[in-house]
Amino acid sequence: MPFIPLEDNFADVVAKAQRGLRITDEELLTRAEVPAEELVAIRAGKPRVAALRRIARHLRLSPDALETLATDAAYPRVPVFPRGFAFFNSPFGDMTVNNYLVWDAKTREAAVVDTGAEIDSLLGLVAAERLRVTCILLTHAHRDHVACLDQLCAATGADAWINEREVIDHPRVRRFSDQAYFHLGVIAIKCLPTGGHSPGQTTFYVQGLARPLALCGDALFSGSIGGSDTHFEEQVKSTRARIFSLPRQTVIGPGHGPLTTLAHEREHNPFFAPDRVARPVAGSTPSA
Ligand SMILES: [Fe+2]
């Protein structure tokens, strides 16, 4: 598996929080009492730690986690699954997108989660492991996550499934409701609603492998979240409620960037680490 960089750096995280909370540069500079040139430097990728810590408090971010992201970018370590799980990363335009294969080692039933932008590797593994793909589960309908839908349905014969609130028109796509289950032999996959990035964005929570696994699309990235300029607060809230309530040892499979664990994100994700300030008072200046 090649090294996959974090999807977002500290400047991306600041920009996503600022857009999501609709805080102008002027408001942020005034509230945080930071000179304008510091924000310009941060935008340019310069890790100005003191300014970042002051800004974090007004963007509901963890100052400690944002500083770590800016200075040594804690990279997640993830245990290896002995069987039943594979991770694929394929180029899509100027970025890459992840997709996944989950299977029951006994019955050989398999589910694909998101299509990726290239399916040869996945189909090769399906053939080598003599698997039968019974469903294609879609976290959401953004085009990078459904890029190979036609080819994948044709190659596997399986239908695709997506939350009923997602907007997509395709003859092979069927609908599920919040909290629905899919089963592959002894493996259960629960559909957790983690909307905000898109209306029906779903996290597939997989139980029955060596560790619990949450395949979360763009609800959560290692060190960041997927962008949402219109439903930012809903995204943070639903991700905290549905993903951060899962067992600590849960492995997280995001739509972009590396695999991670819930324990790592609890400590290092600026949107969810414990010292984030939930709701600073507008115009206030925290002492730290
Ligand atoms: Fe997306």
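In these legends, a residue is buried when its relative accessible area is under 20%, exposed when it is over 50%, and partly exposed in between (1.4 Å probe, protein chains only). The views show a predicted model, in which local features need pLDDT of at least 70 and side-chain atom pairs count only at pLDDT 80 or more, while totals for chains, interfaces and linings use all residues. Residues are numbered from 1 along each chain as its sequence is written, and side-chain values use heavy atoms, with hydrogens and water left out.

**View 1. Strand β7 and its partner β8 form a hairpin.**
Helices (H or I, at least four residues) and strands (E, at least two) are DSSP runs, numbered from the N terminus. Follow the side chains along β7 and you will see them alternate: Phe-182 and Leu-184 point to one face and are buried, whereas Tyr-181 and His-183 point to the other and are not. Strands count as paired if DSSP finds at least two bridges between them; β7 and β8 (residues 187–193) have four, in the antiparallel sense. Across the pair, Tyr-181 stands opposite Lys-190, and Leu-184 faces Ile-187. Two residues lie between the strands, and Gly-185 in this turn has a positive phi of about 55°.

**View 2. Stepping back from the hairpin, we meet an open sheet of six strands.**
The order is β7-β8-β9-β10-β11-β12, with mixed pairing. The edges belong to β7 (181–184) and β12 (260–261); each has a single partner strand, so one side of each is left without a neighbour in the sheet. Strands of a sheet pair through backbone hydrogen bonds, either parallel or antiparallel.

**View 3. Helix α2 has a buried side and a face turned away from it.**
Look for Leu-28, Leu-29 and Ala-32, the buried residues of α2 (residues 25–32). They span an arc of only 95° around the axis, which places them on the same side of the helix; the arc is that of the directions from the helix axis to the C-beta atoms. Their packing partners are α1 (10–21), α3 (36–43) and α4 (49–58), with contact meaning heavy atoms within 4.5 Å. The face turned away carries the exposed residues Glu-26 and Thr-30. Just after the helix comes Glu-33, with a positive phi near 55°. Helix α4 contains Arg-54, which is partly exposed at a relative accessible area of 31%. The C-alpha atoms of Arg-54 and Ala-32 are 5.5 Å apart, although 22 residues separate the two along the chain.

**View 4. The largest nonpolar core has 39 residues.**
Such a core is a set of buried Ala, Val, Leu, Ile, Met, Phe, Trp, Tyr and Cys residues joined through side-chain atoms within 4.5 Å. Ile-55 and Ile-243 have the most contacts inside this core. Two or more residues come from each of α1, α2, α3, α4, α5 (63–71), β10 (213–217) and α8 (232–242). Helix α1 gives the most, with six. Another core of 24 residues lies apart from this one, and among its members are Ile-4, Leu-184, Ile-189 and Leu-209. Returning to Ile-243, its contacts include Cys-216, Leu-220, Ile-252 and Leu-262, leaving aside residues up to four places away in sequence.

**View 5. Three histidines, His-140, His-142 and His-197, join Asp-218 around the iron ion.**
The donor atoms are NE2 of His-140, ND1 of His-142, NE2 of His-197 and OD of Asp-218, at 2.2 to 2.4 Å from the ion. Donors here are N, O and S atoms within 2.8 Å of the metal (3.2 Å for Na, K and Ca); water is not among the atoms, so sites may look incomplete. The four donor atoms subtend angles of 87 to 172°, which makes the arrangement irregular. That label applies to anything other than tetrahedral (four donors, all angles between 85 and 135 degrees), square planar (four) or octahedral (six), the last two having opposite donors over 155 degrees apart and all others between 65 and 115. The donor spacing in sequence reads H-x1-H-x54-H-x20-D. His-140 sits in the loop between β4 (132–137) and α7 (149–156) and Asp-218 in the loop between β10 and α8, so the pair ties together parts 78 residues apart in sequence. His-140 is buried at 0% relative accessibility, and Asp-218 is also buried, at 4%.

**View 6. Arg-60 has a positive phi without being a glycine, and Asp-114 does too.**
Most residues other than glycine have a negative phi. Arg-60, in the loop between α4 and α5, has a phi of about 60°. Asp-114, at about 65°, belongs to the loop between β3 (109–113) and α6 (120–128) and is buried, with 2% relative accessibility.
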